Amino acid sequence: MALTGLDIFKQLPKTNCKDCGSPTCLAFAMAMANGKASLDMCPHATEAAKETLGAATAPPVKTVKVGVGEQEVVLGDETVLFRHDKTFYHPTALAIQISDKLSGAELDAKIAKVNDLVMDRVGQRIAIDMIAITNCSGDAATFKAAVEAVAAKANFALLLVADVAGLEAAVPAVAAKKPLIHAATAENWEKVVALAKANNCPVVVKGNGLDDTAALVEKVAKEYKEIVIDFGNTAPAKTLGDMVNARRLAIKKKFRPFGYPMLACALAADPKEEVVEAVTYVAKYASIVCLKADEKQHLLPLMAWRMNIYTDPQKPMAVEAKVYEIGDVGPDCPVYVCTNFALTYFAVEGEVVGSKIPGYIVAVDTDGASVLTAWAAGKFVAEPIHETIKACGIMDKVNHNNIVIPGYVAIITGKLKEISGLDVIVGPQEAVGIPAFAKARYPQLMK
Ligand code: SF4
(Lines give C-alpha, C1' and ligand atoms only; values in the text may rest on other atoms or scores of the structure.)
Protein backbone atom coordinates (compact mmCIF):
# COMPACT_ATOMS: atom_id res chain seq x y z
CA MET A 1 0.00 0.00 0.00
CA ALA A 2 1.23 3.51 -0.81
CA LEU A 3 2.65 5.45 2.14
CA THR A 4 0.95 8.64 3.29
CA GLY A 5 2.76 11.93 3.76
CA LEU A 6 2.73 11.39 7.52
CA ASP A 7 4.23 7.90 7.17
CA ILE A 8 7.06 9.41 5.15
CA PHE A 9 7.44 12.41 7.49
CA LYS A 10 8.10 10.05 10.42
CA GLN A 11 11.21 8.75 8.60
CA LEU A 12 12.69 12.19 7.79
CA PRO A 13 15.24 14.07 9.96
CA LYS A 14 12.68 16.81 10.84
CA THR A 15 15.29 19.58 10.89
CA ASN A 16 13.48 21.74 8.29
CA CYS A 17 16.88 22.62 6.81
CA LYS A 18 15.37 23.30 3.34
CA ASP A 19 18.30 21.59 1.55
CA CYS A 20 15.78 19.60 -0.49
CA GLY A 21 14.13 22.75 -1.81
CA SER A 22 11.00 22.31 0.34
CA PRO A 23 10.35 24.75 3.19
CA THR A 24 9.84 21.98 5.77
CA CYS A 25 10.30 18.25 6.15
CA LEU A 26 6.52 17.90 6.23
CA ALA A 27 6.13 19.74 2.92
CA PHE A 28 8.80 17.47 1.45
CA ALA A 29 7.01 14.39 2.79
CA MET A 30 3.73 15.52 1.21
CA ALA A 31 5.51 16.15 -2.10
CA MET A 32 7.03 12.65 -1.94
CA ALA A 33 3.65 11.09 -1.22
CA ASN A 34 2.28 12.81 -4.33
CA GLY A 35 5.15 11.53 -6.46
CA LYS A 36 6.55 15.05 -6.90
CA ALA A 37 9.79 14.49 -4.95
CA SER A 38 12.10 11.57 -4.30
CA LEU A 39 14.12 10.68 -1.23
CA ASP A 40 17.45 11.27 -2.96
CA MET A 41 16.62 15.01 -2.85
CA CYS A 42 17.08 14.95 0.93
CA PRO A 43 20.84 14.69 1.55
CA HIS A 44 20.27 13.93 5.25
CA ALA A 45 18.05 10.87 4.92
CA THR A 46 19.31 7.98 7.01
CA GLU A 47 20.04 4.54 5.61
CA ALA A 48 17.12 3.21 7.63
CA ALA A 49 14.82 5.76 6.00
CA LYS A 50 16.13 4.86 2.54
CA GLU A 51 15.42 1.22 3.18
CA THR A 52 11.95 1.83 4.60
CA LEU A 53 10.94 4.34 1.97
CA GLY A 54 12.66 2.65 -0.94
CA ALA A 55 9.50 1.14 -2.35
CA ALA A 56 7.56 4.37 -1.86
CA THR A 57 10.14 6.37 -3.75
CA ALA A 58 10.71 3.81 -6.48
CA PRO A 59 8.98 4.54 -9.80
CA PRO A 60 5.78 2.51 -10.24
CA VAL A 61 7.36 0.73 -13.22
CA LYS A 62 11.02 -0.20 -12.80
CA THR A 63 13.60 0.85 -15.35
CA VAL A 64 15.20 -2.14 -17.07
CA LYS A 65 18.01 -1.81 -19.61
CA VAL A 66 18.75 -4.27 -22.42
CA GLY A 67 21.84 -4.09 -24.63
CA VAL A 68 24.87 -1.87 -24.28
CA GLY A 69 26.28 1.27 -25.89
CA GLU A 70 24.38 2.56 -28.91
CA GLN A 71 22.25 -0.57 -28.92
CA GLU A 72 20.98 -0.02 -25.38
CA VAL A 73 17.20 -0.07 -25.02
CA VAL A 74 15.66 1.46 -21.89
CA LEU A 75 12.32 0.00 -20.81
CA GLY A 76 9.79 1.03 -18.19
CA ASP A 77 10.05 3.98 -15.77
CA GLU A 78 6.56 5.09 -16.76
CA THR A 79 4.56 7.02 -14.18
CA VAL A 80 1.14 7.65 -15.74
CA LEU A 81 -1.62 5.69 -17.44
CA PHE A 82 -2.47 8.28 -20.06
CA ARG A 83 -0.12 10.39 -22.12
CA HIS A 84 -2.30 13.49 -21.60
CA ASP A 85 -1.62 13.20 -17.84
CA LYS A 86 2.08 13.72 -18.33
CA THR A 87 4.08 11.85 -20.94
CA PHE A 88 5.41 8.40 -21.72
CA TYR A 89 9.17 8.22 -21.56
CA HIS A 90 10.50 5.05 -23.10
CA PRO A 91 8.99 4.05 -26.43
CA THR A 92 8.01 0.43 -26.96
CA ALA A 93 10.96 -1.51 -28.34
CA LEU A 94 10.12 -3.46 -31.50
CA ALA A 95 11.84 -6.83 -31.70
CA ILE A 96 11.95 -8.71 -35.01
CA GLN A 97 12.03 -12.48 -34.70
CA ILE A 98 14.71 -14.56 -36.39
CA SER A 99 14.65 -18.35 -36.30
CA ASP A 100 17.84 -20.28 -35.57
CA LYS A 101 16.71 -22.74 -38.26
CA LEU A 102 17.90 -20.37 -41.02
CA SER A 103 20.97 -21.54 -42.89
CA GLY A 104 24.14 -19.42 -42.85
CA ALA A 105 23.31 -17.53 -46.05
CA GLU A 106 19.64 -17.14 -45.10
CA LEU A 107 20.64 -15.84 -41.68
CA ASP A 108 23.06 -13.31 -43.18
CA ALA A 109 20.37 -12.09 -45.59
CA LYS A 110 17.84 -11.80 -42.78
CA ILE A 111 20.27 -9.87 -40.55
CA ALA A 112 21.07 -7.49 -43.42
CA LYS A 113 17.35 -6.97 -44.04
CA VAL A 114 16.65 -6.26 -40.37
CA ASN A 115 19.64 -3.91 -40.11
CA ASP A 116 18.08 -1.94 -42.96
CA LEU A 117 14.81 -1.35 -41.08
CA VAL A 118 15.68 2.26 -40.38
CA MET A 119 13.56 5.07 -41.77
CA ASP A 120 13.16 8.81 -41.56
CA ARG A 121 9.92 10.48 -40.55
CA VAL A 122 9.42 14.21 -40.02
CA GLY A 123 13.16 14.61 -39.63
CA GLN A 124 13.54 11.87 -37.03
CA ARG A 125 15.21 8.50 -37.39
CA ILE A 126 12.83 5.65 -36.64
CA ALA A 127 13.97 2.06 -36.44
CA ILE A 128 13.38 -1.29 -34.85
CA ASP A 129 15.25 -1.82 -31.59
CA MET A 130 15.85 -5.49 -30.99
CA ILE A 131 16.30 -8.86 -32.66
CA ALA A 132 14.64 -11.86 -31.05
CA ILE A 133 16.48 -15.07 -31.88
CA THR A 134 14.24 -18.06 -31.29
CA ASN A 135 15.39 -21.60 -30.69
CA CYS A 136 13.02 -23.13 -33.26
CA SER A 137 15.56 -25.88 -33.99
CA GLY A 138 15.38 -27.14 -30.41
CA ASP A 139 19.13 -27.69 -30.52
CA ALA A 140 21.34 -25.77 -28.07
CA ALA A 141 24.46 -25.71 -30.28
CA THR A 142 22.49 -24.47 -33.31
CA PHE A 143 20.91 -21.78 -31.18
CA LYS A 144 24.28 -20.68 -29.81
CA ALA A 145 25.75 -20.44 -33.32
CA ALA A 146 22.80 -18.38 -34.56
CA VAL A 147 22.97 -16.06 -31.55
CA GLU A 148 26.70 -15.50 -32.07
CA ALA A 149 26.17 -14.79 -35.78
CA VAL A 150 23.41 -12.28 -35.06
CA ALA A 151 25.41 -10.66 -32.24
CA ALA A 152 28.39 -10.19 -34.56
CA LYS A 153 26.47 -8.66 -37.45
CA ALA A 154 23.27 -7.05 -36.16
CA ASN A 155 22.95 -3.46 -35.01
CA PHE A 156 20.34 -4.06 -32.35
CA ALA A 157 19.92 -5.33 -28.79
CA LEU A 158 19.22 -9.06 -28.45
CA LEU A 159 16.31 -11.07 -27.06
CA LEU A 160 17.18 -14.74 -26.66
CA VAL A 161 14.17 -17.08 -26.73
CA ALA A 162 15.00 -20.67 -25.81
CA ASP A 163 14.66 -23.43 -23.26
CA VAL A 164 17.15 -23.79 -20.41
CA ALA A 165 19.69 -25.77 -22.44
CA GLY A 166 19.65 -23.26 -25.29
CA LEU A 167 19.97 -20.31 -22.92
CA GLU A 168 22.78 -21.94 -20.96
CA ALA A 169 24.67 -22.47 -24.21
CA ALA A 170 24.11 -19.02 -25.71
CA VAL A 171 23.87 -16.48 -22.89
CA PRO A 172 27.50 -16.67 -21.63
CA ALA A 173 28.74 -16.28 -25.24
CA VAL A 174 27.01 -12.90 -25.68
CA ALA A 175 26.66 -11.75 -22.07
CA ALA A 176 28.79 -8.66 -22.79
CA LYS A 177 25.94 -7.44 -25.03
CA LYS A 178 23.48 -7.73 -22.13
CA PRO A 179 20.74 -9.65 -23.97
CA LEU A 180 17.25 -10.07 -22.56
CA ILE A 181 16.69 -13.72 -21.64
CA HIS A 182 13.33 -15.35 -22.42
CA ALA A 183 11.99 -16.90 -20.27
CA ALA A 184 11.85 -17.87 -16.61
CA THR A 185 8.71 -19.99 -16.14
CA ALA A 186 7.15 -21.78 -13.19
CA GLU A 187 9.08 -24.92 -14.21
CA ASN A 188 12.55 -23.53 -14.81
CA TRP A 189 12.77 -20.15 -13.06
CA GLU A 190 15.50 -21.07 -10.55
CA LYS A 191 17.91 -22.12 -13.33
CA VAL A 192 17.06 -19.29 -15.72
CA VAL A 193 17.19 -16.59 -13.05
CA ALA A 194 20.51 -17.95 -11.78
CA LEU A 195 21.83 -17.76 -15.36
CA ALA A 196 20.57 -14.18 -15.76
CA LYS A 197 22.07 -13.15 -12.43
CA ALA A 198 25.44 -14.77 -13.15
CA ASN A 199 25.65 -12.99 -16.53
CA ASN A 200 24.15 -9.69 -15.38
CA CYS A 201 21.38 -9.88 -17.97
CA PRO A 202 17.70 -8.94 -17.60
CA VAL A 203 15.21 -11.79 -17.70
CA VAL A 204 11.64 -12.24 -18.90
CA VAL A 205 9.36 -13.85 -16.33
CA LYS A 206 6.62 -15.68 -18.19
CA GLY A 207 3.48 -16.75 -16.35
CA ASN A 208 0.02 -17.78 -17.43
CA GLY A 209 -2.30 -14.83 -16.98
CA LEU A 210 -2.40 -12.19 -14.24
CA ASP A 211 -2.54 -14.16 -10.99
CA ASP A 212 -0.07 -16.83 -12.01
CA THR A 213 2.40 -14.25 -13.34
CA ALA A 214 2.13 -12.09 -10.20
CA ALA A 215 2.93 -15.10 -8.01
CA LEU A 216 5.91 -16.05 -10.18
CA VAL A 217 7.27 -12.48 -10.32
CA GLU A 218 7.08 -12.24 -6.51
CA LYS A 219 9.22 -15.37 -6.22
CA VAL A 220 11.76 -14.22 -8.80
CA ALA A 221 11.98 -10.67 -7.44
CA LYS A 222 13.26 -12.01 -4.12
CA GLU A 223 16.30 -13.27 -6.05
CA TYR A 224 16.67 -10.80 -8.91
CA LYS A 225 14.89 -7.64 -9.96
CA GLU A 226 15.96 -7.08 -13.59
CA ILE A 227 12.61 -8.38 -14.78
CA VAL A 228 10.38 -8.00 -17.83
CA ILE A 229 6.91 -9.56 -17.60
CA ASP A 230 5.27 -11.80 -20.20
CA PHE A 231 1.71 -12.88 -19.36
CA GLY A 232 2.06 -15.85 -21.66
CA ASN A 233 -1.25 -15.36 -23.47
CA THR A 234 -2.00 -16.31 -27.03
CA ALA A 235 -5.28 -14.42 -27.50
CA PRO A 236 -4.74 -10.72 -28.26
CA ALA A 237 -7.77 -9.61 -26.19
CA LYS A 238 -6.43 -11.47 -23.14
CA THR A 239 -2.94 -10.03 -23.61
CA LEU A 240 -4.38 -6.53 -23.90
CA GLY A 241 -6.64 -7.00 -20.85
CA ASP A 242 -3.82 -8.35 -18.70
CA MET A 243 -1.46 -5.52 -19.66
CA VAL A 244 -4.06 -2.84 -18.96
CA ASN A 245 -4.95 -4.34 -15.58
CA ALA A 246 -1.30 -4.84 -14.65
CA ARG A 247 -0.35 -1.26 -15.53
CA ARG A 248 -3.36 0.11 -13.59
CA LEU A 249 -2.36 -1.91 -10.55
CA ALA A 250 1.26 -0.82 -10.85
CA ILE A 251 0.49 2.90 -11.24
CA LYS A 252 -2.60 3.34 -9.09
CA LYS A 253 -1.95 0.78 -6.34
CA LYS A 254 1.81 0.48 -6.56
CA PHE A 255 1.36 -3.29 -6.78
CA ARG A 256 5.01 -4.26 -6.97
CA PRO A 257 4.73 -7.61 -8.83
CA PHE A 258 3.46 -5.65 -11.85
CA GLY A 259 5.93 -2.79 -11.43
CA TYR A 260 8.08 -4.02 -14.33
CA PRO A 261 8.11 -3.47 -18.10
CA MET A 262 5.92 -5.86 -20.08
CA LEU A 263 6.55 -7.87 -23.24
CA ALA A 264 3.93 -9.03 -25.75
CA CYS A 265 4.22 -11.12 -28.90
CA ALA A 266 2.10 -10.41 -31.95
CA LEU A 267 1.14 -13.85 -33.21
CA ALA A 268 -1.08 -13.33 -36.29
CA ALA A 269 0.24 -15.10 -39.38
CA ASP A 270 -0.68 -12.32 -41.82
CA PRO A 271 1.82 -9.44 -41.49
CA LYS A 272 -0.89 -6.77 -41.73
CA GLU A 273 -2.92 -8.42 -38.95
CA GLU A 274 0.27 -8.89 -36.97
CA VAL A 275 0.99 -5.17 -37.21
CA VAL A 276 -2.56 -4.32 -36.09
CA GLU A 277 -2.00 -6.57 -33.08
CA ALA A 278 1.33 -4.88 -32.40
CA VAL A 279 -0.30 -1.44 -32.65
CA THR A 280 -2.67 -2.47 -29.85
CA TYR A 281 0.19 -3.56 -27.61
CA VAL A 282 2.18 -0.40 -28.28
CA ALA A 283 -0.83 1.64 -27.16
CA LYS A 284 -1.47 -0.40 -23.98
CA TYR A 285 1.26 -0.85 -22.49
CA ALA A 286 3.95 -3.15 -23.87
CA SER A 287 7.56 -2.09 -23.40
CA ILE A 288 8.61 -4.70 -25.97
CA VAL A 289 6.58 -6.09 -28.87
CA CYS A 290 7.96 -9.10 -30.76
CA LEU A 291 6.82 -9.67 -34.31
CA LYS A 292 7.79 -11.49 -37.46
CA ALA A 293 6.94 -8.75 -40.00
CA ASP A 294 10.13 -7.41 -41.54
CA GLU A 295 8.95 -5.38 -44.54
CA LYS A 296 9.22 -1.62 -44.35
CA GLN A 297 5.71 -1.11 -45.69
CA HIS A 298 4.35 -3.09 -42.73
CA LEU A 299 6.58 -1.61 -40.07
CA LEU A 300 6.45 2.07 -41.05
CA PRO A 301 2.82 2.57 -39.88
CA LEU A 302 3.67 0.78 -36.62
CA MET A 303 6.71 2.97 -36.03
CA ALA A 304 4.73 6.12 -36.89
CA TRP A 305 2.06 5.05 -34.40
CA ARG A 306 4.69 4.46 -31.73
CA MET A 307 6.22 7.85 -32.48
CA ASN A 308 2.84 9.54 -32.03
CA ILE A 309 2.07 7.73 -28.77
CA TYR A 310 5.46 8.58 -27.29
CA THR A 311 5.64 12.19 -28.42
CA ASP A 312 5.37 14.52 -25.44
CA PRO A 313 1.91 16.10 -25.90
CA GLN A 314 3.13 19.19 -24.08
CA LYS A 315 5.98 19.69 -26.56
CA PRO A 316 4.81 19.71 -30.17
CA MET A 317 7.37 18.39 -32.62
CA ALA A 318 9.09 21.37 -34.11
CA VAL A 319 11.84 22.09 -36.63
CA GLU A 320 14.34 24.87 -36.24
CA ALA A 321 12.85 28.23 -37.18
CA LYS A 322 15.03 29.34 -40.10
CA VAL A 323 15.24 29.50 -43.90
CA TYR A 324 15.44 26.13 -45.64
CA GLU A 325 16.73 25.84 -49.20
CA ILE A 326 14.88 23.17 -51.14
CA GLY A 327 16.62 22.06 -54.32
CA ASP A 328 19.02 24.06 -56.44
CA VAL A 329 17.73 27.48 -55.39
CA GLY A 330 18.46 30.77 -57.14
CA PRO A 331 17.29 34.39 -56.88
CA ASP A 332 14.13 33.73 -58.93
CA CYS A 333 12.84 31.04 -56.60
CA PRO A 334 9.62 31.36 -54.61
CA VAL A 335 9.67 32.02 -50.87
CA TYR A 336 7.13 29.95 -48.96
CA VAL A 337 6.28 30.88 -45.39
CA CYS A 338 5.03 28.25 -42.93
CA THR A 339 5.10 27.46 -39.20
CA ASN A 340 7.82 25.41 -37.52
CA PHE A 341 5.42 22.58 -36.58
CA ALA A 342 7.31 19.54 -37.85
CA LEU A 343 4.37 17.95 -39.64
CA THR A 344 3.52 21.24 -41.38
CA TYR A 345 7.12 21.89 -42.35
CA PHE A 346 7.77 18.41 -43.74
CA ALA A 347 4.44 18.39 -45.61
CA VAL A 348 5.42 21.68 -47.28
CA GLU A 349 8.97 20.52 -47.92
CA GLY A 350 7.76 17.29 -49.53
CA GLU A 351 5.41 19.14 -51.85
CA VAL A 352 8.02 21.73 -52.81
CA VAL A 353 10.35 18.86 -53.72
CA GLY A 354 7.49 17.21 -55.61
CA SER A 355 6.76 20.43 -57.56
CA LYS A 356 10.24 20.17 -59.15
CA ILE A 357 10.56 23.93 -58.67
CA PRO A 358 13.28 24.81 -56.14
CA GLY A 359 12.22 27.19 -53.40
CA TYR A 360 12.94 28.68 -50.01
CA ILE A 361 10.84 27.80 -46.98
CA VAL A 362 10.83 30.24 -44.08
CA ALA A 363 9.75 28.35 -40.94
CA VAL A 364 8.39 30.89 -38.46
CA ASP A 365 8.83 30.10 -34.77
CA THR A 366 5.31 29.27 -33.58
CA ASP A 367 6.47 27.03 -30.71
CA GLY A 368 5.66 24.07 -32.90
CA ALA A 369 2.01 25.02 -33.45
CA SER A 370 0.32 24.31 -36.78
CA VAL A 371 -0.89 27.09 -39.11
CA LEU A 372 -4.41 27.69 -37.79
CA THR A 373 -3.52 27.01 -34.16
CA ALA A 374 -0.61 29.43 -34.37
CA TRP A 375 -2.76 32.02 -36.15
CA ALA A 376 -5.43 31.74 -33.42
CA ALA A 377 -2.73 32.16 -30.77
CA GLY A 378 -1.30 35.25 -32.47
CA LYS A 379 1.97 33.47 -33.36
CA PHE A 380 1.44 33.25 -37.11
CA VAL A 381 0.07 36.70 -37.89
CA ALA A 382 1.50 39.68 -39.74
CA GLU A 383 3.93 41.01 -37.11
CA PRO A 384 5.89 37.83 -36.23
CA ILE A 385 6.02 36.80 -39.88
CA HIS A 386 7.34 40.23 -40.85
CA GLU A 387 9.93 40.11 -38.04
CA THR A 388 11.08 36.64 -39.12
CA ILE A 389 11.39 37.64 -42.79
CA LYS A 390 13.39 40.70 -41.80
CA ALA A 391 15.67 38.85 -39.34
CA CYS A 392 16.49 35.90 -41.63
CA GLY A 393 17.50 38.11 -44.59
CA ILE A 394 15.74 35.93 -47.14
CA MET A 395 14.67 38.87 -49.29
CA ASP A 396 18.36 39.72 -49.82
CA LYS A 397 18.82 36.35 -51.54
CA VAL A 398 16.05 36.79 -54.11
CA ASN A 399 15.47 39.26 -56.93
CA HIS A 400 11.73 39.67 -56.30
CA ASN A 401 9.45 41.01 -53.63
CA ASN A 402 7.09 38.04 -53.19
CA ILE A 403 6.34 35.71 -50.34
CA VAL A 404 3.77 32.90 -50.40
CA ILE A 405 1.64 32.35 -47.29
CA PRO A 406 -0.69 29.42 -46.58
CA GLY A 407 -4.23 29.91 -47.88
CA TYR A 408 -5.63 29.28 -44.40
CA VAL A 409 -4.25 32.64 -43.21
CA ALA A 410 -5.29 34.70 -46.24
CA ILE A 411 -6.90 37.05 -43.73
CA ILE A 412 -3.46 38.44 -42.72
CA THR A 413 -2.54 39.41 -46.29
CA GLY A 414 -3.46 43.11 -46.07
CA LYS A 415 -1.74 43.74 -42.75
CA LEU A 416 1.36 41.80 -43.78
CA LYS A 417 1.64 43.77 -47.03
CA GLU A 418 1.21 47.01 -45.14
CA ILE A 419 3.90 46.45 -42.52
CA SER A 420 6.40 44.55 -44.69
CA GLY A 421 6.04 46.30 -48.03
CA LEU A 422 6.19 42.85 -49.66
CA ASP A 423 3.89 41.43 -52.28
CA VAL A 424 2.07 38.76 -50.29
CA ILE A 425 0.74 35.91 -52.43
CA VAL A 426 -1.92 33.64 -50.99
CA GLY A 427 -0.88 30.06 -51.66
CA PRO A 428 -2.93 26.87 -51.40
CA GLN A 429 -4.63 26.00 -48.11
CA GLU A 430 -3.10 22.53 -48.01
CA ALA A 431 0.51 21.68 -48.79
CA VAL A 432 -0.69 19.14 -51.34
CA GLY A 433 -1.76 22.07 -53.55
CA ILE A 434 1.79 23.43 -53.82
CA PRO A 435 2.92 21.53 -56.97
CA ALA A 436 -0.05 22.74 -59.04
CA PHE A 437 0.31 26.25 -57.60
CA ALA A 438 4.06 26.39 -58.32
CA LYS A 439 3.76 24.97 -61.83
CA ALA A 440 1.08 27.51 -62.73
CA ARG A 441 2.97 30.45 -61.26
CA TYR A 442 6.63 29.63 -61.94
CA PRO A 443 6.66 27.39 -65.06
CA GLN A 444 10.00 28.87 -66.16
CA LEU A 445 11.69 27.44 -63.01
CA MET A 446 10.72 23.79 -63.64
CA LYS A 447 13.77 21.56 -63.32
FE1 SF4 B 1 13.91 17.90 5.88
FE2 SF4 B 1 15.70 16.60 4.39
FE3 SF4 B 1 14.34 18.61 3.32
FE4 SF4 B 1 16.17 19.10 5.19
S5 SF4 B 1 16.54 18.24 3.17
S6 SF4 B 1 14.08 19.96 5.04
S7 SF4 B 1 15.97 17.30 6.48
S8 SF4 B 1 13.50 16.68 4.06
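At what angle do the axes of helix 12 and helix 16 cross? Hello everyone, let's start there. Keep in mind that this is a predicted model. Helix 12 covers residues 342–355 and helix 16 covers residues 434–441. Their axes come within 8 Å and cross at roughly 45°. Helix 12 and helix 16 are therefore oblique to each other. If you turn the model on your screen, you can also look for the handedness: the crossing of helix 12 and helix 16 is right-handed.

Now, on to charges. How many salt bridges does a search of the whole structure find? The search gives 15. Let me walk you through a few of them.

Glu226 pairs with Lys62, and their closest N and O atoms are 3.0 Å apart. This pair links distant parts of the chain, with the two positions 164 residues apart in numbering. Glu226 sits in the loop between helix 8 and strand 10, while Lys62 sits in the loop between helix 3 and strand 1. Glu226 is partly exposed, at 23% relative accessibility, and Lys62 is partly exposed as well, at 21%.

Next come Glu274 and Lys292, whose side chains meet in a salt bridge at 3.1 Å, N to O. Here Glu274 belongs to helix 10, and Lys292 lies in the loop between strand 12 and helix 11, 18 residues apart. Is Glu274 buried or exposed? Glu274 has a relative accessible area of 1%, and buried means under 20%, so Glu274 counts as buried. Lys292, at 34%, is partly exposed.

A further pair is Lys397 with Glu325, where the closest N and O atoms are 3.5 Å apart. Lys397 is in the loop between helix 14 and strand 16, and Glu325 is in strand 13, 72 residues apart. Both ends have some accessibility: Lys397 is partly exposed at 41%, and Glu325 is partly exposed at 47%. Salt bridges can also share partners, and in this way Lys110, Lys113, Asp294 and Glu295 are joined into one network.

Let's finish with something nonpolar. Which residues form a nonpolar patch on the surface? They are Leu372, Trp375, Tyr408 and Ile411, and together they have about 390 Å² of accessible area. To find the patch, you can begin at Leu372, which lies in helix 13, residues 371–376. Leu372 has 40% relative accessibility, so this residue counts as partly exposed.

Thanks for listening, and please do ask me anything!

Conventions:
Residues numbered from 1 in each chain as written. Predicted model: local features only at pLDDT ≥ 70, side-chain atom pairs only at ≥ 80, totals over all residues. Heavy atoms only, no water. Patch = residues over 30% accessible without salt bridge, like charges linked within 9 Å, V, L, I, M, F, W, Y side chains within 5 Å. Areas by Shrake-Rupley, 256 points an atom, 1.4 Å probe, with all protein chains shown as cover. Salt bridge = Lys/Arg side-chain N within 4 Å of Asp/Glu carboxyl O. Helix = DSSP H or I, 4+ residues; strand = E, 2+ residues; numbered from the N terminus. Buried < 20%, exposed > 50% of the residue type's maximum accessible area, 1.4 Å probe, protein only. Axes fitted to C-alpha atoms, helices over the stretch in contact; angles between N-to-C directions. Parallel < 35°, antiparallel > 145°, perpendicular 65-115°, else oblique. Left-handed = near helix turned anticlockwise from the far one by under 90°.
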